[in-house]
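Subject: Structure for you to look at

Hello,

Here is the structure I promised to pass on. Please open it first, then read my notes below.

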Amino acid sequence: MIGLFQELGPCGVNADGKVYNNPYSWSNASNMLFIDQPTQVGFSYSVPVPGYAGDDGTVITLPSDDCPDYAAKTGTCGTWSYPNETLTANSTDAAARNFYLTLQGFMGAFPQYSRESYHFASESYGGHYGPVFNAYIEEQNRKNTEGTMPIRLESVLIGNGWFDPLIQYQGYYNYTVSPGNTYNYDPYNQTTKQQLTNSLYGPGNCVNQLEQCYASKRNDVCSSADHFCATYIENIYDEVLNRDEYDVRELIPDPFPYSFYIDYLNTPKVQAAIGAYQNYSEYANAVGTAFDTTGDDAREVNTVEDIRRLLAQNVTVMLYFGDADYNCNWLGGEVVADEVAAPGYSDAGYANIASADGKVHGQVKQSGKFSFVRIYESGHEVPFYQPLVSLEVFERAIAGKDIMTGRVAAESGYLTYGTDRSTYREGGGTIQYEVLNRTATYNTTTDRPNPPSPATAVMRRSQKVFKPRFVK
């Protein structure tokens, strides 16, 4: 639902709880199917039970549908998925089978909306999900099990993805210390930089622990490595700054992208209209805990190898990154793209992406069906911040065209030409130094918040959760 209501769906929800149209919806170019997974996040459920949500989002079950006073004060009494870790996936590999079965179920139930070919788009932890899920689907296609439908994958698009932790934990150092981000924002003093460097590269610290995880593949080793790296590498940003991990330009609480849709989805009228079986939750603690037990966040889980396999099967793969995101930043993503080593990619260069408004919103480096895209002035959820170019690159990718212009078939031998690295620097003009009102709106033309408007009643917002949380 994050993608549907905050980014690329046909509508969003404003501070008054009213639905507004999104003229840049990806549904302008394709039918869209949004899937809440792993089980228990969003509207997905295992066993529905009466309950309420605690301050940290933990679901607390109740003995009946009655809502006692201590629960009523939270405003969250309702039907929830039973928060049991054994009733959901505990790894990317385990979630792949459920995703495949969901697609099979949809195609069987709604043949009028089904196609033999499909395109997959995801973001954030989708850097794990995208390669692994689709490699699993291709494997099932080859098995041709009786009663299943073939699913011909044509493209995989992943925004600000978390692919390879060994690379991307080092990306936090790259983004904040050396060479740094392109907004000229130097967040740490010398002492913090020294601390970060040691925590990352010192003997027995983050890099060494991740290497041990990769070598041993043990759950306890990988879980321990992820806890160490998240605490002493990623979360230093949260400890010393008051900035949004998902958009370095904004202070926290950051009102962008708008999260008012969460309360909207939990209104009785809306739930009755869509046939929801339980309350909507953006994050499920049970899922996070289940994945934590296997250390899935610290594992590479063959993401890079699976991208190579998909390319070998003539599948289009586009990795796109908003460059203001710290959490899954583009510098780490760029190294992942190099690691994929798609045929001819090392000979390609960065080229400006043509857009209908005549502005340069980013650059692409592409070889054949593989492309890496950097989008300027964009946080983690690219379609929210740069809706026009996001729709344009989506249209080009699913059509099998070049990302730069959309006019050339992206076949073997196609290359973009330019510099080996993307060197454009935005500077600090859009960095905010005051906390914004939660009713603030974002101007996608100026790449800044709009001037404050008169105060209005607002629906409750939740805290944003992406990688290393397990939401979709």
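Helix 13 and helix 14 are oblique to each other. The reason is the angle: they pack at about 55 degrees, and an angle counts as oblique because it falls outside the ranges under 35, 65 to 115 and over 145 degrees. Keep in mind that this is a predicted model.

Some details of this pair follow. Helix 13 covers residues 303–312, and helix 14 covers residues 330–340. Their axes are 9 Å apart. The crossing of the two helices is right-handed.

Which residues make the contact? Helix 13 supplies Val304, Ile307, Arg308 and Leu311. Helix 14 supplies Val336, Glu339 and Val340. By type, the residues of this contact divide into five nonpolar, two charged and no polar.

Now turn to Tyr261. This residue lies in helix 10, which runs over residues 261–265. Is Tyr261 buried or exposed? Tyr261 is buried, because its relative accessible area is 1% and the cut-off for buried is under 20%.

What does Tyr261 touch, leaving out residues up to four places away in sequence? The list is Met1, Ile2, Phe5, Gln6, Val13, Tyr280 and Glu282. With Glu282 there is also a polar contact, side chain to side chain, at 3.2 Å.

One last pair to find: Tyr261 and Gly17. In sequence they are 244 residues apart. In space, their C-alpha atoms are 7.3 Å apart.

Best wishes

Terms used: Residues are numbered from 1 along each chain as its sequence is written. This is a predicted model: local features need pLDDT of at least 70, side-chain atom pairs count only at pLDDT 80 or more; totals for chains, interfaces and linings use all residues. Side-chain values use heavy atoms; hydrogens and water are left out. Helices (H or I, at least four residues) and strands (E, at least two) are DSSP runs, numbered from the N terminus. Buried means under 20% relative accessible area, exposed over 50%, partly exposed in between (1.4 Å probe, protein chains only). Contact means heavy atoms within 4.5 Å. A polar contact is a pair of N or O atoms within 3.5 Å; within protein, one must be able to donate a hydrogen and the other to accept it, and residues adjacent in sequence count only if both atoms are side-chain atoms. Axes are lines fitted to C-alpha atoms, for helices over the stretch in contact, and angles run from 0 to 180 degrees between N-to-C directions. A crossing is left-handed if the near helix is turned anticlockwise from the far one by less than a right angle, and right-handed if clockwise. Ala, Val, Leu, Ile, Met, Phe, Trp, Tyr, Cys and Pro count as nonpolar, Asp, Glu, Lys and Arg as charged, and the others, Gly among them, as polar.
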